[in-house]
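Me: Please take one part of the model shown here and go through it closely, placing it afterwards in the setting of the whole.

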Amino acid sequence: MRQDTNMPTTEARDFAAGAASPAGEGAAGAVAIRDLSHSYAELRTIERLDLDLPAHGVLGLVGPSGCGKSTLLELIAGLQEPSDGEIRVDGAVDADGRLAHCAFMPQRDLLLPWLSAIDNAALALRNRGVRRGEARRRAAGLFERFGLAGFERSAPAELSGGMRQRVAFLRTLVAGKPVLALDEPFASLDAITRAEMQQWLAAALAADPRTVVLVSHDVEEALYLCDSVAVLSARPARVVTRLSAPAPRATERDEAVTDPAFVSVRERAMQALREGTG
Amino acid sequence: MKRWLLPSLLLAALIGAWQIAASSGALADLLNLESFVVASPAEIAEALWQSRSLLAENAWVTLKEVLIGFGCAIVAGVGFAIAMHLSETVRLTFQPLIIASQTIPIVVLAPILVIGFGFGIGPILVIIGLICFFPITVNTLDGLASVDPEATKMMRTLDASRGQILRRVEMPSALPYFFSGAKIAVAVAVIGAVFGELAAPDSGLGALIFRDMNQLETARAFAAVAILSAMAILLYAILALAERRIVTWR
């Protein structure tokens, strides 16, 4: 099931939000959540949640703080088993199966400080038993493609916040999994760097399409990066509404987010967020 | 400048005061001792020079004991820390015993060990190992557990096995903690060697101190103490240097 990291990059992200994937649920990377409930001891975090995501779809999860969006992401990624309901990722239902199809990018970059940038990016390959030289060679191609050439041997501490996040994202890409689970990947960056990184990520996903579940507390970020956005309620989380991002959007972030169609969807999302919180 | 000058000045002042107090007889009066029992820094320095081959011989014996005992404690301590980290059963089973091992008064234990192991290096190594084991194990265990749980999750989705998470994330994270434990351990290792040698006085600086004190060779006993201190400082410095070379990311 694993895709090669050097997969063809010509494929464009051209499907409409929420539209059924042409290949159906069996396509590489489709995610289907049915009647999902989850609780920690007495605390109900997710209640009867349904969500569908076609292969190569990009879904944003927004919701108030502490609503359980990160928990939902961990459940999808197979890091936990849900209390009730079913999550199907690429046909896999059990946690280990989902884990094999998902790569998780945590909020902080969590680059290992004792490894160089390229060795951090190549971690998944090393974990699969690829020798160091070969793993570096394969990751180096991505450094070139994603504007990190020349920083392969740098220690994480020598990189800027934005560059660290790029390396962290490459580490997730190199894993070659069909589904990427991104947990507020740019939350720790300053506003300007965050805007740059959003544009960078949009380009990266256009070049190397994957199924993406992106948790964000920023409605604008979610709508700019995703095909569709699910607005979650306060705990226990349920889907208040699911909105399609306006398509097609300008690649320039500033242009895209000031488009009247974009602004109107953003206001609807904000409205839904307020309803779900109240 | 401040780093070297101030402590050197303090040390010089203390030694100077000691010299004056000892040679004038004031220190002997104060301690209510005969003046020939009270060694002055000058007499200690003289003893250090005159008995240099005897001191060197015994220092080598003690150093060997410390290095072997400390080495065994590192192997056992790190091994135990990893086993306790990986298995809750092992942790819960051994934790009380490991803490209890620290409450045993070494002074009491030493003669018992001599009865069990006989004279020679055996009981001394057991004592050094026993007192070094605790700081190494406890610190390394803390270090292994200090890893961000998010990093573990990240590694799991990158297909890491339990062993790979241990090797690639937890063990490097634990290194600074291990070094903290080892630095404490190496200082107490020297004390452990002296205790061991007091119980089984064969050779070594501890045995020499014991003999010299009985024979009122106070100056040479203090010379041996000075060498022991220097040994502990040197071993500590070597570890601190190793830490700086290995843990480059801090």
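What follows is a close look at how the strands of chain A pair, with the surroundings added afterwards.

Reply: This is a predicted model, in which local features need a pLDDT of at least 70 and side-chain atom pairs count only at pLDDT 80 or more, while totals for chains, interfaces and linings use all residues. Residues are numbered from 1 along each chain as its sequence is written, and chains are lettered from A and ligands numbered from 1 in the order in which they are written.

Chain A has ten helices and nine strands, where helices (H or I, at least four residues) and strands (E, at least two) are DSSP runs numbered from the N terminus. Two strands are said to pair if DSSP finds at least two bridges between them.

In strand order along the chain, β1(A), residues 31-40, pairs with β2(A), residues 43-53, in the antiparallel sense over seven bridges. The two strands form a hairpin with two residues between them, and in that turn A41(A) has a positive phi of about 50°. Beside the turn, Y40(A) has L43(A) in β2(A) as its bridge partner, while A32(A) is bridged to D52(A) in the same strand, β2(A). Strand β1(A) also pairs with β4(A), residues 84-89, again in the antiparallel sense, here over five bridges; A32(A) stands opposite R88(A) in β4(A). In general, side chains in a regular strand alternate between the two faces of the sheet.

There is also an open sheet of six strands in chain A, with the order β5-β6-β7-β3-β8-β9 and mixed pairing. Its edge strands, each pairing on one side only, are β5(A), residues 102-105, and β9(A), residues 239-244. From one strand to the next the twist averages 15°, with axes taken as lines fitted to C-alpha atoms, for helices over the stretch in contact, and angles running from 0 to 180 degrees between N-to-C directions. Within this sheet, β3(A), residues 58-62, and β8(A), residues 228-232, run parallel and are joined by four bridges, and G60(A) stands opposite V229(A) in β8(A). Helix α10(A), residues 260-277, packs on the sheet and touches β3, β8 and β9 of chain A, its direction making about 175° with that of β9(A); contact between two residues requires their C-beta atoms, placed from the backbone, to lie within 7 Å.

Next to edge strand β5(A), the loop that leads on to α3(A), residues 117-121, holds Q107(A). Is Q107(A) buried or exposed? Because Q107(A) has 16 C-beta neighbours inside 10 Å, it counts as partly exposed, a class that lies between buried (20 or more other C-beta atoms within 10 Å of the residue's own) and exposed (12 or fewer), with C-beta atoms placed from the backbone. Apart from its neighbours within four places in sequence, Q107(A) is in contact with D183(A), E184(A), A187(A) and S188(A). The C-alpha atoms of Q107(A) and L182(A) are separated by 7.7 Å, although these residues lie 75 residues apart along the chain. For chain A as a whole, 71% of the contacts between residues at least 6 apart in sequence join residues at least 24 apart, and buried residues make up 47% of its 278 residues.

Chain B supplies the setting, with eleven helices and zero strands. Its C-alpha atoms fill a box of roughly 75 × 50 × 30 Å along the principal axes, and buried residues make up 36% of its 250 residues. The contact between the chains takes 19 residues from chain A and 14 residues from chain B. On the side of chain B that touches chain A, the elements giving two or more residues are α8(B), residues 149-157, and α9(B), residues 162-199, and the largest share, six residues, comes from α8(B).
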